[in-house]
Amino acid sequence: MSATGTGTGQHVVVIGAGIAGLAAAHRLLAHGARVTVLEASDRVGGKLLPGEIAGVRVDFGAESMLARRPEAVALAREVDLDDRLRPPATATASIWTRGALRPMPKGHVMGVPGTADALSGVLSEEGLARIERDADLPRTEVGEDVAVGEYVAARLGREVVDRLIEPLLGGVYAGDAYRISMRSAVPQLFQAARTHTSLTQAVREIQAKAAAGRQTGPVFMGIEGGVGSLPLAVAESVRARGAEIHTRVPVTGLRREPAGGWQVTAGERVLRADAVVVAVPAPAAAALLAAESPEAAAELRTVEYASMALVTLAYRRTEAALPDGSGFLVPPVDGRTIKASTFASQKWGWIADQDPDTVVLRTSVGRYGETAILQKDDAELVDVSRHDLREATGLEATPLETRVTRWTDGLPQYPVGHHARVARIREHVAKLAGLAVCGAQYDGVGIPACIASAYAAVDQLRGDLSAVRELTANPVQSLHGGAGE
């Protein structure tokens with residue numbers, strides 16, 4: 001393993017080859033750095049994992065990326081995936097509640113409705129009436145932060161939280177709406193709650209502003225061959241531009257050198273770097289930062305994670321008639337095992353086109369605090385998924401093939417006060433020149449948010465290394481002088 005990479009600028013080591021680490025490497029190269037990426041596992045991509053079932057390519061991790069944020073789609077285009085970007089074939093979804101699949105209500109912000117008009121069948125008559133009381137209630141103060149479920153239940157009643165917000169937030173965070181930070185998870189709603197008395201009025205104003213400035217194009221985007229193709233393409237681009245990526249290389253030590261720069265211990269090898277990007281989950285980041293920033297490490301140790309499993313099933317099309325739409329969500333209050341199902345072959349045209357005779361769908365299992373279900377073996381998870389699918393859709397057929405993908409501690413939780421914790425972590429890290437952090441535990445768990453956190457880390461390092469260059473009068477090219485400026 002080389003300790004310096006192959007470029008001509010200052011050397012930056014990126015620890016972690018998930019999408020955040022790879023995006024950081026990609027951006028660093030654009031600014032003239034020499035980059036080495038170290039990954040403990042045997043592959044790049046983190047929670048983005050392409051694969052194959054019954055001869056059909058699919059995703060076994062995240063399957064789509066928010067297109068209304070620019071970072072993920074832009075990065076895909078930069079690594080020559082432009083001609084493989086695909087919108088969903090259908091955006092129609094359902095909610096499995098009160099014993100039936102019902103159309104997912106429209107006109108809401110992460111499950112928070114602007115009116116009760118579209119919620120009949122999802123909410124009880126009492127629940128519908130409770131929403132109407134919002135306009136007459138006194139103001140509910142949110143302070144510096146508040147749990148989404150706590151605030152919405154106070155304004156609109158628990159049914160809205162239990163039957164709409166929980167399944168939607170659960171799909172993103174696998175979390176508990178009564179713990180999740182509104183400021184971090186639904187920031188536009190938090191800001192509106194600070195200035196409005198009526199929550200439903202605030203939602204209607206958010207919707208009106210969105211309609212007035214509505215972007216054209218799909219809300220979400222996939223990639224032919226799987227979103228898991230994105231990190232592979234970024235890694236290929238990074239290597240082609242001279243960076244080194246090493247898998248199966250766990251980093252065990254990170255030390256600041258007395259004269260400046262960093263010492264990175266990876267097994268028996270020691271690398272010297274002008275700067276380091278730590279792009280690993282919170283527990284691993286805490287271990288790496290314990291010696292040089294014990295305060296940041298202590299904060300990172302408080303980050304909790306939820307585990308989940310994805311069960312992918314392939315069927316003969318002649319035996320698997322499914323309802324229309326892209327799939328359904330399941331409110332926890334209904335007591336089902338699965339929390340959602342995606343009809344992958346109906347949601348993504350590129351999956352259906354590969355083999356018109358095969359239908360692929362998947363379920364997700366596991367939420368924050370749920371441990372018993374994930375103790376079951378793969379066959380049991382397949383059985384409980386098939387049971388719930390049969391109850392929801394009538395699907396009786398035996399699958400051609402199944403695959404269970406477990407994401408243990410896969411999703412960081414964003415409880416009340418998350419924004420303040422992240423600010424403290426960054427404040428501590430900023431005291432150490434040439435060190436930056438990024439990843440899903442900071443500013444959002446979605447692909448664009450992870451990429452944005454990587455770019456913010458690179459921006460920080462550019463300032464650090466430029467200052468080091470000026471102080472030392474080192475003629476070696478800094479990040480400010482690289483290509484792409």
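1. A word on confidence to start: pLDDT is the predictor's confidence in each residue, from 0 to 100. This is a predicted model, and pLDDT stays under 50 over residues 1–8, although the model still gives that stretch 26 contacts beyond four places in sequence. The other end has a similar caveat: over residues 470–485 pLDDT also stays under 50, with 36 contacts beyond four places in sequence. I'd read both ends with caution. For the protein chain as a whole, the mean pLDDT is 91, and 93% of the residues reach 70 or more.

2. On to the overall build. The protein chain has 17 helices and 22 strands. Its radius of gyration is 23 Å, close to the 23 Å from the globule rule for 485 residues, so the chain is as compact as a globular protein of that length. Along the principal axes, the C-alpha atoms fill a box of roughly 70 × 55 × 45 Å.

3. Inside and outside. Of the 485 residues, 55% count as buried. If you look at contacts between residues at least 6 apart in sequence, 71% of them join residues at least 24 apart. The chain exposes about 19,900 Å², and carbon and sulfur atoms supply 50% of that area. As for charge, there are 51 positive and 57 negative side chains, with the centres of the two sets 2 Å apart.

4. Helix α4 deserves a look. How many of the nine residues of α4 (residues 148–156) are buried? Seven are, so the helix is largely enclosed by the rest of the structure. The buried ones are Val148, Gly149, Tyr151, Val152, Ala153, Arg155 and Leu156, so an arginine appears on that list alongside the valines. What do these residues pack against? Their partners are β10 (112–113) and a set of helices: α3 (125–132), α5 (158–173), α6 (182–185), α7 (187–195) and α8 (199–212).

5. The end of that helix can be followed through one residue. Leucine 156 sits in α4 and is buried, at a relative accessible area of 1%. Neighbours within four places in sequence aside, leucine 156 is in contact with Val112, Pro113, Arg130, Ile131, Asp134, Leu199 and Thr200. For a sense of distance, the C-alpha atoms of leucine 156 and valine 422 are separated by 30 Å, the two being 266 residues apart along the chain. Just after α4 comes glycine 157, with a positive phi of about 100 degrees.

6. Now the backbone. Most residues other than glycine have a negative phi. Two alanines are worth checking on that score. Alanine 54 has a positive phi of about 50 degrees; its place is the loop between β3 (50–53) and β4 (56–59). Alanine 174 also has a positive phi of about 50 degrees, and lies in the loop between α5 and α6. Which of the categories, buried or partly exposed, does alanine 54 fall into? At 26% relative accessibility, alanine 54 counts as partly exposed, whereas alanine 174, at 0%, counts as buried.

7. Staying in the loop between α5 and α6, glycine 175 is found there too. Glycine 175 is buried, with a relative accessible area of 5%. Leaving out residues up to four places away in sequence, glycine 175 touches Glu166, Leu169, Gly170, Ile180, Tyr368 and Gln413. Leucine 322, by contrast, is not on that list: the C-alpha atoms of glycine 175 and leucine 322 are 28 Å apart in space, with their positions 147 residues apart in sequence.

8. Two last residues. Threonine 342 is in strand β19 (residues 338–342) and counts as buried at 14% relative accessibility. Residues up to four places away not counted, threonine 342 touches Glu63, Ser326, Gly327, Lys347, Leu361 and Arg362. Lysine 106 is in the loop between β8 (100–103) and β9 (108–109), and at 67% relative accessibility counts as exposed. From lysine 106 to leucine 119 is 8.8 Å, C-alpha to C-alpha, for residues 13 apart in sequence.

Methods. Residues are numbered from 1 along each chain as its sequence is written. This is a predicted model: local features need pLDDT of at least 70, side-chain atom pairs count only at pLDDT 80 or more; totals for chains, interfaces and linings use all residues. Side-chain values use heavy atoms; hydrogens and water are left out. Helices (H or I, at least four residues) and strands (E, at least two) are DSSP runs, numbered from the N terminus. The radius of gyration is taken over C-alpha atoms; the globule rule is 2.2 Å times the number of residues to the power 0.38. Buried means under 20% relative accessible area, exposed over 50%, partly exposed in between (1.4 Å probe, protein chains only). Contact means heavy atoms within 4.5 Å. Accessible areas come from the Shrake-Rupley method with a 1.4 Å probe; for residues, only the protein chains shown count as cover. Lys and Arg count as positive and Asp and Glu as negative; His and the chain ends are not counted. The place of a charge is taken as NZ of Lys, CZ of Arg, CG of Asp or CD of Glu.
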